[in-house]
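Hello,

Here is the structure I promised to pass on to you. Have a look at it first, and then read on for what turned up in it.

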Amino acid sequence: NLIEIHPDYQNRGLGSTIILDILTEAQQRSLPVLLSVLKANEDAYRLYERLGFVVIEERVERYMMQKVPS
């Protein structure tokens with residue numbers, strides 16, 4: 001699935017809310033969450049880092065990131 005926030009609605013906490021909902025469901029099911037983020041999208045990368053994602057693979061244009069249930 002692709003999640004994009006229209007620029008008019010960015011920096012309002014919508015992305016965090018969506019990702020936190022996904023993480024909550026994944027935690028309840030004991031599942032990891034995997035995503036990719038463009039290296040050029042520094043704001044999204046920082047958001048994912050703040051939410052506990054770590055880079056598991058680096059590609060030419062993207063980072064592959066993962067958060068495992070605790």
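A word on charges to begin with: Lys and Arg count as positive here and Asp and Glu as negative, while His and the chain ends are left out of the count. On that basis, the protein chain carries 8 positive and 10 negative charges, and the mean positions of the two sets are 3 Å apart. Please keep in mind that this is a predicted model.

Now for the overall layout. The protein chain has two helices and three strands, and from the N terminus on they follow the order α-β-α-β-β. Its radius of gyration is 12 Å, close to the 11 Å that the globule rule gives for 70 residues, so the chain is as compact as a globular protein of that length. The C-alpha trace spans about 35 × 30 × 20 Å along its principal axes.

What about the surface and the inside? The accessible surface of the protein chain is about 5500 Å², and carbon and sulfur atoms account for 49% of that. Of the 70 residues, 23% count as buried. Among the contacts with a separation of 6 or more, 44% are between residues 24 or more positions apart.

The largest nonpolar core is a good place to start exploring. This core has 13 residues, and those with the most contacts inside it are Val37, Tyr48, Phe53 and Met65. Helix H1 (14-28), strand S1 (33-38) and helix H2 (42-50) each give two or more residues to this core, with the largest share, four residues, coming from H2.

Which residues does Phe53 touch, leaving aside its neighbours within four places in sequence? Phe53 is in contact with Ile19, Leu23, Val33, Leu35, Tyr48, Met65, Gln66 and Lys67.

Finally, two backbone details. Most residues other than glycine have a negative phi. Asn11, in the segment before H1, has a positive phi near 65 degrees. Ser30, in the loop between H1 and S1, also has a positive phi, of about 55 degrees, although it is not a glycine.

Are these two residues buried or exposed? The cut-off for exposed is over 50% relative accessible area. Asn11 has 74% relative accessibility, so Asn11 counts as exposed. Ser30 has 55%, and therefore Ser30 counts as exposed too.

Enjoy looking around!

Best wishes

Methods: Residues are numbered from 1 along each chain as its sequence is written. This is a predicted model: local features need pLDDT of at least 70, side-chain atom pairs count only at pLDDT 80 or more; totals for chains, interfaces and linings use all residues. Side-chain values use heavy atoms; hydrogens and water are left out. A nonpolar core is a set of buried Ala, Val, Leu, Ile, Met, Phe, Trp, Tyr and Cys residues joined through side-chain atoms within 4.5 Å. Buried means under 20% relative accessible area, exposed over 50%, partly exposed in between (1.4 Å probe, protein chains only). Contact means heavy atoms within 4.5 Å. The radius of gyration is taken over C-alpha atoms; the globule rule is 2.2 Å times the number of residues to the power 0.38. Accessible areas come from the Shrake-Rupley method with a 1.4 Å probe; for residues, only the protein chains shown count as cover. The place of a charge is taken as NZ of Lys, CZ of Arg, CG of Asp or CD of Glu.
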